[in-house]
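Please look at the structure shown here and follow a few of its residues from the start of the chain onward. The briefing gives some background first and then goes through the residues by topic.

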Amino acid sequence: MTNPSEFLWSSYPAFIGKIKTPGWLETGWLLSTFERKKKEAIKNYRDFVEKIETKALKNPEEDIIGGFILGDKRLKRKVDKIKNRIFNI
């Protein structure tokens, strides 16, 4: 897939007006950060999303520690301290 609107579980098509926005999805706040007028906001948001160089993005899964902790080594040490206190290790 090369376009975010092709992802099955993405809300992106609703944000850009490609599909009807579900009642549970609030798009106004995010779009308002791109422009006051909705049509311009959608255009600016679409430009922002579709110009991202996905190959340059880092995969956040590379930073997962211990199967579920997403953070740096400092966070892991904090979690380990708490775990040790709880389980008296």
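**A briefing on selected residues**

At 11% relative accessibility, Thr27 counts as buried, a word that here stands for under 20% relative accessible area, whereas exposed stands for over 50% and partly exposed for the range in between (1.4 Å probe, protein chains only). This is a predicted model, in which local features need pLDDT of at least 70, side-chain atom pairs count only at pLDDT 80 or more, and totals for chains, interfaces and linings use all residues. Residues are numbered from 1 along each chain as its sequence is written, and side-chain values use heavy atoms, with hydrogens and water left out.

**Thr27**
- Thr27 sits in the loop between H1 and helix H2 (28-32), where helices (H or I, at least four residues) and strands (E, at least two) are DSSP runs numbered from the N terminus.
- Leaving aside residues up to four places away in sequence, Thr27 touches Phe15 and Thr21, contact being heavy atoms within 4.5 Å.

**Ser10**
- Ser10 belongs to the segment before helix H1 (12-15), and Ser10 is partly exposed, with a relative accessible area of 25%.
- A polar atom of the Ser10 side chain lies 2.9 Å from the backbone nitrogen of Tyr12.
- Measuring from C-alpha to C-alpha, Ser10 and Arg46 are 14 Å apart in space, while in sequence they are 36 residues apart.

**Ile52**
- Ile52 lies in the loop between helix H3 (38-50) and strand S1 (64-65), and Ile52 is partly exposed, with a relative accessible area of 36%.

Terms used: A polar contact is a pair of N or O atoms within 3.5 Å; within protein, one must be able to donate a hydrogen and the other to accept it, and residues adjacent in sequence count only if both atoms are side-chain atoms.
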